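Colleague: I am new to this structure and should be grateful for a close look at one part of it, the surroundings of the ligand. Which residues are around the ligand, and which polar contacts are there?

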Amino acid sequence: MPLIAVNFKAYPESMGDSGLHLARLCESVGEERGLSFIVCPQQPDLRFIAENVRIPVFAQHVDAYEPGSRTGHVVPEAVKASGARGTLINHSEHRVQIFGIDWLVEKCGSLNLDTIVCTNNISVSKACAALNPTYVAVEPPELIGGDISVTTANPEIVSGTVEAIKRIAPQVKVLCGAGVKTGEDVRVAIELGTEGVLLASGVVKAKDPKKALYELVKEV
Ligand code: G3P
């Protein structure tokens, strides 16, 4: 079953009650069309949204620290306690060094939190797959937030990531993202061998997010 992960980012359209509304839209479209959705709300809304939807809720980022004397950091244990089921790690807008990614994948695994590690090219995808996250999501940074999908602008990075990861760590699932907005983008992502897509602006910034969601799933 294809997966659509929606990153709410820090957009004003996804804060608080609007974030819950968006998460509920994802849930109802997913249930109606038999597709898996993950939503990644803003950190302060994690518990609020996790308590009010059935689909998995993931954090957008988590800090590579043990709980303790820290200020303003979000540790994996706190993400778990919020009711979230996983987290993005190393998003291009919130990079983490490789030893931090390694530590986080291990720690989240021990807490039964799924991990989506974002990468910017095939080499980084290979390195991150070797750390054994649940997913690697390849997203060329220059296409993020734009109108041309990675599946059109650079399908080779998607198929190349899929092939490389199959060789190194076949249990690691692959997503792709950046500029994904249409049903065709999602269909091509699946045809290129991914499990699905990670996207943001196509839904969060859409004039009519419900319509955008139906458009997104119409070819799968
Ligand atoms: O996390 C998803 C993301 O970086 C892609 O953003 O707006 O191009 O779908 P967007």
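Modeller: A polar contact is a pair of N or O atoms within 3.5 Å; within protein, one must be able to donate a hydrogen and the other to accept it, and residues adjacent in sequence count only if both atoms are side-chain atoms. This is a predicted model, in which local features need pLDDT of at least 70 and side-chain atom pairs count only at pLDDT 80 or more, while totals for chains, interfaces and linings use all residues. Residues are numbered from 1 along each chain as its sequence is written, and side-chain values use heavy atoms, with hydrogens and water left out.

The residues around the ligand (those with a heavy atom within 4 Å of it) are N7, K9, H91, E139, I144, G145, A178, G179, L198, L199, A200 and S201. Among them, G145 has a polar backbone atom 2.7 Å from an oxygen atom of the ligand. A polar side-chain atom of H91 also lies 2.7 Å from an oxygen atom of the ligand. For E139, an N or O atom in the side chain is 3.1 Å from an oxygen atom of the ligand. The protein buries 100% of the 310 Å² that the ligand exposes when taken alone (accessible areas by the Shrake-Rupley method with a 1.4 Å probe).

As for the wider setting, the protein chain contains 10 helices and 8 strands (DSSP runs, H or I of at least four residues for helices and E of at least two for strands, numbered from the N terminus). Its C-alpha atoms fill a box of roughly 45 × 40 × 30 Å, taken along the principal axes.
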